[in-house]
Amino acid sequence: MITSRSWWCLTATAVLSLSLATPVAASPATAAPPTAAHHPATASAVRRDLPEPPPAEVVHEELDDLTVAAPHPMSGYSRSKFPHWVTQYGTCDTREVALARDGQDVVRDEQCRAVSGIWYGA
């Protein structure tokens with residue numbers, strides 16, 4: 001099993017880049033983009049038009065240009081240095097609150113984790 005954090009970060013970047021060129025599987029193909037009505041916290045926000053994703057060929061070319069670093073030790077890393085996922089209320093942390101806020105039909109489990117829903121990428 002590959003455990004190198006840098007490898008996982010590179011993989012996540014590649015998946016994110018490819019996702020810009022392909023539709024999100026969690027959202028229905030015919031669904032309209034969310035409006036402020038889907039997000040009560042942003043009901044007063046103005047909807048902005050987003051740019052079109054680049055063509056798949058461009059994404060693949062850019063991915064081919066990435067340099068993959070060799071795995072290296074994670075000395076000095078400590079999760080406690082990244083407190084931005086602090087508890088908001090109950091067992092819900094910032095990430096879980098944001099997922100519920102920005103999603104549609106979000107279902108959470110007893111530990112506040114989002115287990116299903118629909119999210120639109122920007």
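So, the surface first: the protein chain exposes about 9500 Å², and carbon and sulfur atoms supply 60% of that. Keep in mind that this is a predicted model. As for the inside, buried residues make up 10% of the 122 residues in the protein chain. And if you take the contacts with a separation of 6 or more, residues 24 or more positions apart account for 42% of them.

Okay, the fold. We have three helices and four strands here. Walk along the sequence and the pattern reads α-α-β-β-α-β-β.

While we're on the surface, there's a nonpolar patch to show you. Which residues form the nonpolar patch on the surface? They're Met-74, Tyr-77 and Phe-82, and together they have about 280 Å² of accessible area. Tyr-77 sits in the loop between helix H2, residues 56-64, and strand E1, residues 87-89. With a relative accessible area of 38%, Tyr-77 is partly exposed.

Now the part I've spent the most time on, the disulfide. The count for the structure is one. The partners are Cys-92 and Cys-112, with their sulfur atoms 1.8 Å apart. That falls within the 2.5 Å cut-off for a pair of cysteine sulfurs. Looking at the geometry, the link of Cys-92 and Cys-112 is right-handed, with 100° about the S-S bond. So what does the pair tie together? Cys-92 lies in strand E2, residues 92-93, while Cys-112 lies in the loop between strand E3, 104-108, and strand E4, 114-118, so the bond joins parts that are 20 residues apart in sequence.

Are these cysteines buried or exposed? Both Cys-92 and Cys-112 are buried. For Cys-112 the relative accessibility is 5%, and buried means under 20%, so Cys-112 falls on the buried side of that cut-off. One more thing about Cys-112: its phi is near 75°, a positive value in a residue other than glycine.

Cys-112 has a neighbor I want to bring in, and that's Glu-96. Glu-96 is in helix H3, which covers residues 94-102. Leaving out residues up to four places away in sequence, Glu-96 touches Thr-91, Arg-108, Gln-111, Cys-112 and Arg-113. Here's the bit that made me stop: Glu-96 is buried yet has no salt bridge. How far away is the nearest side chain of opposite charge? That side chain is Arg-95, and it's 5.7 Å away from Glu-96. A salt bridge needs the nitrogen and the carboxyl oxygen within 4 Å, so a distance of 5.7 Å doesn't qualify.

That brings us to the charged pairs that do meet. Side chains of opposite charge can pair when their charged atoms come close. How many salt bridges does the structure hold? Two. One of the pairs is Arg-101 with Asp-102, where the closest N and O atoms are 2.6 Å apart. Arg-101 is partly exposed, with a relative accessible area of 39%, and Asp-102 also counts as partly exposed, at 34%. Then there's Asp-109 with Arg-113, whose side chains meet at 2.7 Å, N to O. Arg-113 is partly exposed too, at 40% relative accessibility. And you've already heard that name, since Arg-113 is among the residues that Glu-96 touches.

Next, over to Tyr-89, in strand E1. Tyr-89 is partly exposed, with a relative accessible area of 45%. What does Tyr-89 touch, not counting residues up to four places away in sequence? Val-97 and Arg-108. Arg-108 also shows up in the contacts of Glu-96. If you want to place Tyr-89 relative to the disulfide, take Cys-112: the two are 23 residues apart in sequence and 10.0 Å apart in space, C-alpha to C-alpha.

Last stop, Asp-105. Asp-105 is found in strand E3, and its phi is near 55°, a positive value in a residue other than glycine. Compare that with Cys-112, which has a positive phi near 75°. Their surroundings read like this: Asp-105 is exposed, with a relative accessible area of 59%, whereas Cys-112 counts as buried.

If you open the model afterwards, start from the Cys-92 and Cys-112 disulfide, then look across to Glu-96, which touches Cys-112.

Note on methods: Residues are numbered from 1 along each chain as its sequence is written. This is a predicted model: local features need pLDDT of at least 70, side-chain atom pairs count only at pLDDT 80 or more; totals for chains, interfaces and linings use all residues. Side-chain values use heavy atoms; hydrogens and water are left out. Helices (H or I, at least four residues) and strands (E, at least two) are DSSP runs, numbered from the N terminus. Buried means under 20% relative accessible area, exposed over 50%, partly exposed in between (1.4 Å probe, protein chains only). Lys and Arg count as positive and Asp and Glu as negative; His and the chain ends are not counted. Contact means heavy atoms within 4.5 Å. Patches are made of residues with over 30% relative accessible area and no salt bridge: like charges are joined within 9 Å, nonpolar side chains (Val, Leu, Ile, Met, Phe, Trp, Tyr) within 5 Å. Accessible areas come from the Shrake-Rupley method with a 1.4 Å probe; for residues, only the protein chains shown count as cover.
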